[in-house]
Amino acid sequence: GGWVLLQNCHLGLDFMDELLETLLTVEIQNETFRVWITTEPHPKFPIALLQIAIKFTNEPPQGIRAGLQRTFSGINQDLLDVSNLPMWKPLLYTVAFLHSIVQERRKFGPLGWNIPYEFNSSDFRASVQFIQNHLDDCDIKKGISWNTIRYMIGEVQYGGRVTDDFDKRLLNCFAKVWFNEKMFDSTFCFYPGYKILVCKTLAQYLECIHLLPAMDSPMVFGLHGNADIIYQSNTVSDVLDTITNIQPKEGGAGAGETREAIVYRLAEDMLEKLPPDYIPHEASRLIKMGHLNSMNIFLRQEIDRMQKVITIVRNSLNDLKLAIEGTIVMSEASKAYVLDNMFDARIPQGWKRVSWDSSTLGFWFTELLERNTQFSTWIFEGRPNVFWMTGFFNPQGFLTAMRQEATRAHKGWALDTVTIHNEVLKQNKEEITAPPSEGVYVYGLYLEGAGWDKRNSKLIESTPKILFIQLPVLHIYAVNTT
């Protein structure tokens, strides 16, 4: 009649199969017996066990109002009355507000946090406990040591989870702006409409929190209004992806082209446009260009990777055509990976593994042709004036090759002491007619979360409803630090 609790079962997947068998075969004498399992979502978790279980998920609620309500519903009246100092309640409410903000920023993806951290209620409790202890120990004449509080919140309690430098900077910024003497002013607010609430009872707090706006502006989180557009777009595309995934894959007997016919036509069209293979003797042009030059070694590596993509695409499209005609047997894997994905305008998994990410198959294929054009132009017509940097498999390798080239061109320079510098020009790629005397010109980089002032060459706030801005041409060059 007792309960058994098994924790973190995603770490013991082998035992889960054993557990399932035990539950299905053993006769349980007592009706009140229960097995509780805690686990993180895992692709290899036995589905049969999930199907016979009742599932609970524990996720942070959406919105600041819901987040604060949940935080305060986990607090009791004793905690509110634990200190009679006037600073206690404003500090408690500010930590609760920060707790909602750090969780809510996760929904904005990389705009919110570079790495999505698992902040939870233990971080909140630990911070509150620390502030309570600090107030008990502090000298009334000296007042609160704000540096200590900011350090403990930004670097230890919440900051202890943060591994990215920029995320750490952001968290410390929240601590700096909200945790100081100004928070006790009657005019202080986190954002217009979001003041520090100070009430006597828990019921009053919950009532006041209920009056907060149901929908929050991204500005409350310190984000631009465009962040909400990106979040909404991502949510919609996730929903549409899920709908596409669960659609029936077999066609009915209705009129119109079958799935196979549509994909066959698409495969023929792609094969027709697919660039020819790189013939090894053509690569001998690289020897004429100087095969030991670091840029040409880089080009050779890029062409090898490109050839691999072209070969895989050509082979799988030819096999798919033969399978649709019935000449060869279509395996389940081939059907799931190539046919279904092509019909849904997605990139087949096998292609994506050796290539790059893109939103749809059409964009991916166009990019394949454009990348190939850059490489073949480089081989047959010589080095381009401006490089399309996002069209390389290994852009980091391209910059390293440029550094090596600059190091070799200057006597006495060492690769270890040479660093990369860049300058954003005022021209677009069409206006560039000659390569730079040193370094490289590159284009194809975009800004997200900021705008670009072309006249003064500096970052500015985003323009409303414009999510991405293309940067003009960059001049990237190497400098000897010594």
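## Domains and a pocket

The domain assignment, automatic or from a database, splits the protein into domain 1 (3-52), domain 2 (64-227), domain 3 (257-383) and domain 4 (386-481). This is a predicted model, where local features need pLDDT of at least 70, side-chain atom pairs count only at pLDDT 80 or more, and totals for chains, interfaces and linings use all residues. Residues are numbered from 1 along each chain as its sequence is written, and side-chain values use heavy atoms, without hydrogens and water.

Me: How many Å separate the centres of domain 1 and domain 2?
Reply: Domain 1 spans 3-52 and domain 2 spans 64-227. Taken over C-alpha atoms, their centres are separated by 38 Å.

Me: Which domains each give at least three residues to the lining of the second largest pocket?
Reply: A pocket is an open set of points on a 1 Å grid over the protein atoms alone, where a 1.4 Å probe fits, with protein on both sides within 12 Å along at least five of seven lines; lining residues have an atom within 4 Å of a point. This lining has 27 residues, and those nearest the centre are E367, W388, T390, G444 and Y446. At least three residues come from each of domain 3 and domain 4.

Me: Which element gives the most to the lining of the second largest pocket?
Reply: Helices (H or I, at least four residues) and strands (E, at least two) are DSSP runs numbered from the N terminus. At least two lining residues come from each of β5 (386-388), β8 (446-448), β11 (468-470) and α16 (361-381). The top contributor, with 8 residues, is α16.
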